[in-house]
Amino acid sequence: MPNISKILGFFLVLILLNGCQNRRQPVEQKAEMSEKGLKDYYQDYFPVGVAVYPQALDKGPEATLIQKHFVSMTPENVMKMGPIHPQKDSFNWAPADKIVAFAKEHQLKMRGHALCWHNQTPDWLFVDDEGNDVSKEELLDRLKSHITEVASRYKGTLYAWDVVNEAISDQKDEFYRKSKWYQICGEEFIARAFEYARAADPNAELFYNDYEVINPVKRQKIYDLVKGLKENGVPIDGVGIQGHWSIYEPDESTLKETIEQFTSLGLKVQITELDLSVYPKEHSLREKRDADTDEFTLEQKQKQVEQYDMIFRVFREYKDDLNAVTFWNISDKYSWLDHFPVPDRKDYPLLFDEDHEPKEAYYKVINFE
Ligand code: XIL
């Protein structure tokens with residue numbers, strides 16, 4: 001009889017071991033799933049990036065999210081003209097250098113943003129010592145030395161630059177934005193900016209970047225601008241569609257038309273600043289009203305899940321045309337939309353929530369065949 005009990009014991013052990021293995025499998029699978037980040041799900045599609053500020057790189061949940069989910073970073077503010085070049089003869093390199101160092105340490109790619117824009121410019125830029133507007137020649141000289149200094153410093157570390165940002169007007173019957181750049185230089189500053197950038201960093205991909213590209217009227221103007229630049233031999237490589245959208249826009253066919261219109265020019269197309277506001281989209285600053293509540297309603301949540309689902313489905317479909325997709329900010333803990341277009345109105349535009357946890361929209365975006 002001892003033999004039979006030995007045999008029975010042996011089978012019992014086998015059965016138990018087998019049971020354990022079966023139970024272990026889902027746990028391992030789950031662990032593996034949660035180790036994977038957005039970037040891994042999209043590695044056969046396009047690089048996924050994120051806009052960051054230097055403090056996010058200090059040890060903590062934001063730094064963890066950046067490393068887990070993204071392959072590229074864009075400095076949200078610190079490479080803009082005002083922040084990086086506050087006085088004519090002095091630069092504030094440290095915040096930008098910190099992001100570049102983090103990128104090197106963690107093998108992330110970087111996009112530069114932005115060499116020439118009408119916002120966040122330093123006080124000295126457009127005026128002489130008496131406070132009068134400088135001449136066109138002087139302003140182009142200043143633009144050249146700014147771009148040369150900044151783009152040369154980061155040469156080889158940034159794979160792309162937003163060279164000119166938002167030069168097209170939002171007004172139906174106006175082509176160029178009537179910015180200080182335009183008032184002093186006319187349209188010429190745009191082509192020159194690209195030339196200065198190419199000379200300073202010949203290997204960086206050079207982008208024209210703008211918002212409201214889904215609007216057919218504005219899109220046509222942007223199209224005409226970049227087509228003209230290309231035809232005139234200006235060194236432009238791509239168009240950045242910012243992607244500050246909402247749970248109500250764009251619809252699928254508009255999104256497809258938008259991407260197609262620019263790839264037809266043989267230019268690279270990137271989504272450079274993606275976020276989906278839970279409010280109807282507005283592009284100008286206004287005061288907060290009583291009706292502006294901070295609640296993230298179930299209906300908004302559901303709409304956001306559907307909108308992210310649709311947008312990423314289209315992005316995947318256009319993977320050969322999309323050069324990169326970059327989110328503007330890391331999680332709903334902080335978004336620039338908390339302050340714009342309505343000051344102190346909380347928004348919830350990203351894939352990670354206020355506790356840095358993935359939202360339902362995140363799971364939609366990573367779950368595809
Ligand atoms: C925004 C930043 O996110 C804010 O922190 C800053 O106060 C204003 O600029 N289009 C752009 C970005 O190209 O540079 C802007 O970033 C958002 C709109």
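# Packing, pairing and backbone in a predicted model

Q: What covers the buried residues of α3 in this predicted model?
A: Helix α3 spans residues 61-69. Its cover draws on both helices and strands. Included are α2 (38-41), β1, β2 (72-75), α5 (94-105) and α12 (360-366).

Q: How wide is the arc that holds the buried residues of α3, seen down the helix axis?
A: The buried residues of α3 are E62, A63, L65, I66 and H69. Seen down the axis they line one face of the helix, because their arc stays within 160 degrees.

Q: Which elements pack against the buried residues of α10?
A: Helix α10 covers residues 252-263. T254, L255, K256, T258, I259, Q261 and F262 are buried there. Against them pack α9 (216-231), β6 (238-241), β7 (244-246), β8 (268-277) and α11 (298-317).

Q: How far does α10 reach from its first C-alpha to its last?
A: The helix has 12 residues. At 1.5 Å a residue, 16 Å is expected. The model comes close to that, at 17 Å.

Q: How many bridges join β8 to β9?
A: Strand β9 covers residues 322-327, and 5 of its 6 residues are buried. It runs parallel to β8. One bridge pairs L274 with F327. The number of bridges between β8 and β9 is 4.

Q: Through which helix does the chain cross from β8 to β9?
A: The two strands run parallel. The β-α-β crossover between them is right-handed. The helix on that path is α11.

Q: Which residue in β9 is the bridge partner of G49?
A: Strand β1 covers residues 48-52. It pairs with β9 in the parallel sense over 3 bridges. In β9, the partner of G49 is T326.

Q: Which residue in β4 stands opposite G112?
A: Strand β3 covers residues 109-116, and 7 of its 8 residues are buried. It pairs with β4 (residues 160-165) in the parallel sense over 4 bridges. Opposite G112 stands W161.

Q: Is the β-α-β crossover from β3 to β4 right-handed or left-handed?
A: Strands β3 and β4 pair in the parallel sense. The chain goes between them by way of helix α6 (residues 136-153). This crossover is right-handed.

Q: In β3, which residue is the bridge partner of S72?
A: Strands β2 and β3 run parallel. They are joined by 2 bridges. The partner of S72 is K109.

Q: How many disulfides does the structure hold?
A: C116 is buried, at 1% relative accessibility, and C185 is buried too, at 3%. The closest cysteine sulfur to that of C116 is in C185, 8.4 Å away, so the two are too far apart for a bond. The number of disulfides in the structure is 0.

Q: What separates the C-alpha atoms of Y308 and L351?
A: Y308 sits in helix α11 and is buried, with a relative accessible area of 0%. Beyond its neighbours within four places in sequence, it contacts residues including L274, F327, L351 and V365. Y308 and L351 are 43 residues apart along the chain, yet their C-alpha atoms are separated by 8.7 Å.

Q: Which residues does K346 touch, not counting residues up to four places away in sequence?
A: K346 lies in the loop between β9 and α12. It counts as buried at 13% relative accessibility, because the cut-off is 20%. Its contacts are Y279, D294, D332, K333, Y334, D338 and E354.

Q: Which residue does a cis peptide bond join to P341?
A: Most peptide bonds are trans. P341 lies in the loop between β9 and α12. Its cis bond has an omega of about 5 degrees. The residue joined to P341 is F340.

Q: Where does P250 lie?
A: A cis peptide bond joins P250 to E249. Its omega is about 0 degrees. P250 lies in the loop between β7 and α10.

Q: Is Q107 buried or exposed?
A: Q107 lies in the loop between α5 and β3. Its phi is positive, near 50 degrees. At 69% relative accessibility, Q107 counts as exposed.

Q: What is the relative accessible area of Q120?
A: Q120 is in the loop between β3 and α6. Its phi is near 50 degrees, a positive value. Q120 is partly exposed, with a relative accessible area of 35%.

Definitions and conventions. Residues are numbered from 1 along each chain as its sequence is written. This is a predicted model: local features need pLDDT of at least 70, side-chain atom pairs count only at pLDDT 80 or more; totals for chains, interfaces and linings use all residues. Side-chain values use heavy atoms; hydrogens and water are left out. The expected span of a helix is 1.5 Å times one less than its number of residues. Buried means under 20% relative accessible area, exposed over 50%, partly exposed in between (1.4 Å probe, protein chains only). Contact means heavy atoms within 4.5 Å. Two strands pair if DSSP finds at least two bridges between them. A crossover is right-handed if, with the strands pointing away from the viewer, the path from the first strand over the helix to the second runs clockwise. A disulfide is a pair of cysteine sulfur atoms within 2.5 Å. The arc is that of the directions from the helix axis to the C-beta atoms.
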